[in-house]
Each structure stands twice: as structure tokens, then as C-alpha cells.
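Subject: Structure for you to look at, with notes

Dear colleague,

I am handing over the structure we spoke about, together with my notes on it. Please look through the model first and then read on.

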Amino acid sequence: MKIGDIAKAADVTTSRIRFYERKGIIPPADRGKNGYRDYPEDLVALLRFIEQAQGLGFTLREIADVEIGIGEHIVSCTDALALLAKKHAAVVSMIAEAKDRKHRIESLMAELEASRLKEKVVATD
């Protein structure tokens, strides 16, 4: 498949495909005599997997480390569940940290607001 065809089939841009190829996320395409990239049709599943994984917060480095197979599920369900569980734990941790940070910010804002009100009272006396 030519790059435009595979990009359309996978719903990604051609520049993204070239980027993934440069970074080693996908294997390099074969080149025809005309120099055009020629990709295998099964690359569509890999590109869709990469896009889905990035949408779930996986980095390209994490994605590149995944063992890719062939067939309907290019990543085994066991491996996918383990990766998702690890990412889920990281997200839960980030949410807890964000909630803690939010509470600390709100406390500091309330403290500063109280100080500001005290300053106004003292200034009017």
C-alpha cells in the first residue's frame, strides 16, 4: 500500500507515518523502483494500535516496547491487560496527587484571602 492509502485506512496523517518510521515505532517501508514507500496492509492494525495507545496516555517509548504479533489482536490479551493495569495505577496515582495539590492550592488561596480581608479591616480602622 502507498503511504496515502495506508494513512487513509488507518485514519492517520502521512507525516505521522513517516515520524513513526523515523523513530523506529514501525518498520521501514519497502521502496519501489520509483522510491515510493510501499507498506504491508497489516500495518493498518499497528497504526490503529499506536493511535489508541497514545490516546490512553502511553508514550511512544512504552508503545515501542510492546511485543507486536499478528492476527486479530496484535497484542496478546494477557500483555494488554498487564499494560493497561500498570497505566491505570499510574493514572489513579496522578489523580490522587492532583487532588492533593488542588486542596493545598485551595487552602493557600483561603489563607491569602483571609489575610487580605484582615489587611482591609486594619486599613479602615
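Below are notes on the chain as a whole, then on its pockets, and then on a few single residues.

Please keep in mind throughout that this is a predicted model, and that every value below was computed from it.

**The chain as a whole**

The secondary structure comes to five helices and two strands, and when the chain is read along the sequence these elements follow the pattern α-α-β-β-α-α-α. As for overall dimensions, the C-alpha atoms fill a box of roughly 90 × 35 × 20 Å along the principal axes. The radius of gyration of the chain is 25 Å, whereas a compact globule of 125 residues would have a value near 14 Å. Buried residues account for 22% of the 125 residues, and the chain exposes about 9500 Å², of which carbon and sulfur atoms supply 57%. If one takes the contacts between residues at least 6 apart in sequence, 50% of them join residues that are at least 24 apart.

**The pockets**

The largest pocket has a volume of about 370 Å³. Its lining consists of 18 residues, and those closest to the centre of the pocket are Phe49, Gln52, Ile74, Val75 and Ala80. Helix H3 (43–55), helix H4 (60–64) and helix H5 (77–124) are the elements that each give two or more residues to this lining, and the largest share, five residues, comes from H3. Sorted by class, the lining of the largest pocket holds 12 nonpolar, three polar and three charged residues.

The second largest pocket contains about 210 Å³ of space. Of the 14 residues that line the second largest pocket, Pro40, Asp42, Leu43, Leu46 and Ile68 lie nearest its centre, and by class this lining divides into 11 nonpolar, two polar and one charged.

**Single residues**

Proline 40, already named among the residues nearest the centre of the second largest pocket, has its place in the loop between strand E2 (37–38) and H3. Is proline 40 buried, exposed or partly exposed? Its relative accessibility is 45%, and because the class of partly exposed residues runs between 20% and 50%, proline 40 counts as partly exposed. From proline 40 to glutamate 111 the separation is 62 Å in space, C-alpha to C-alpha, over 71 residues in sequence.

Tyrosine 36 sits in the loop between strand E1 (30–31) and E2. With a relative accessible area of 51%, tyrosine 36 is exposed, since that class takes in residues over 50%. Not counting residues up to four places away in sequence, tyrosine 36 touches Lys2, Asp30 and Arg31. Between tyrosine 36 and glutamate 97, which are 61 residues apart in sequence, the C-alpha atoms lie 48 Å apart.

Alanine 9 is a residue of helix H1, and at 30% relative accessibility alanine 9 is classed as partly exposed. Leaving aside its neighbours within four places in sequence, which residues is alanine 9 in contact with? They are Met1, Val44 and Arg48. The C-alpha atoms of alanine 9 and aspartate 79 are separated by 26 Å, the two residues being 70 residues apart along the chain.

Finally, aspartate 11 lies in the loop between helix H1 (3–10) and helix H2 (14–23). You may wish to look at its backbone, where phi is near 60 degrees, a positive value in a residue other than glycine. The relative accessible area of aspartate 11 is 68%, so aspartate 11 is exposed.

With best wishes

Terms used: Residues numbered from 1 in each chain as written. Predicted model: local features only at pLDDT ≥ 70, side-chain atom pairs only at ≥ 80, totals over all residues. Heavy atoms only, no water. 1 Å grid on protein atoms, 1.4 Å probe; cavity = no way out; pocket = protein on both sides within 12 Å on 5 of 7 lines; lining within 4 Å. Points joined across faces, edges and corners; volume = space filled by probe spheres on them. Helix = DSSP H or I, 4+ residues; strand = E, 2+ residues; numbered from the N terminus. Nonpolar A, V, L, I, M, F, W, Y, C, P; charged D, E, K, R; others polar. Rg over C-alpha atoms; globule rule 2.2 N^0.38 Å. Buried < 20%, exposed > 50% of the residue type's maximum accessible area, 1.4 Å probe, protein only. Contact = heavy atoms within 4.5 Å. Areas by Shrake-Rupley, 256 points an atom, 1.4 Å probe, with all protein chains shown as cover.
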